[in-house]
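Here are a few notes to read alongside the model. Take a look at it before you start on the points below.

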Amino acid sequence: MVEVFDSNNRSMLKEKFLVFSKTSAAFLKPLWFEIDRWSEYTFKVTLDDKIIETYTTKIHLLSMVSIILDYGGDVNSINIENVFLE
């Protein structure tokens, strides 16, 4: 589950994704009309109702937030980062 909150902790997006090994999912719906590029947004990612990771960043027109799940073996982790597009 991915949730996005604005700087006032107002929920802007709550989406559940089903992903399997070596697959990906993307949320392509643009939020640009609701996003203030000067404000910070918090991304909360929950994996199997167990692992929770949060990431706070500003969003720019030339960037995207990337969420990578490392799920399996001895290590289960969530990596969230703001990636600038070239």
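Where is the place of leucine 69?

1. Leucine 69 sits in strand S5, which covers residues 63-72. Keep in mind as you look that this is a predicted model.

2. Is leucine 69 buried or exposed? Partly exposed, as it happens: its relative accessible area is 35%, and buried would mean under 20%. Leucine 69 also belongs to a nonpolar surface patch together with Val19 and Ile67. Together they offer about 190 Å² of accessible area.

3. Stepping back to the whole chain, you'll find six strands and zero helices. Read from the N terminus, the order is simply β-β-β-β-β-β.

4. Now for the pairing. Strand S1 (residues 2-5) runs antiparallel to strand S3 (residues 40-47), and four bridges join them. For one pair to look up, try valine 2, whose bridge partner in S3 is valine 45.

5. S3 also pairs with strand S4 (residues 51-58), again antiparallel, through eight bridges. Here tyrosine 41 has threonine 57 of S4 as its bridge partner. The hairpin of S3 and S4 has three residues between the strands, and aspartate 48 takes a positive phi near 55° there.

6. Some totals to finish. The protein chain has 86 residues, and 26% of them count as buried. Its accessible surface is about 6700 Å², with 52% belonging to carbon and sulfur atoms. Among contacts with a separation of 6 or more, 33% link residues 24 or more positions apart.

Definitions and conventions: Residues numbered from 1 in each chain as written. Predicted model: local features only at pLDDT ≥ 70, side-chain atom pairs only at ≥ 80, totals over all residues. Heavy atoms only, no water. Helix = DSSP H or I, 4+ residues; strand = E, 2+ residues; numbered from the N terminus. Buried < 20%, exposed > 50% of the residue type's maximum accessible area, 1.4 Å probe, protein only. Contact = heavy atoms within 4.5 Å. Areas by Shrake-Rupley, 256 points an atom, 1.4 Å probe, with all protein chains shown as cover. Patch = residues over 30% accessible without salt bridge, like charges linked within 9 Å, V, L, I, M, F, W, Y side chains within 5 Å. Salt bridge = Lys/Arg side-chain N within 4 Å of Asp/Glu carboxyl O. Pairing = 2+ DSSP bridges.
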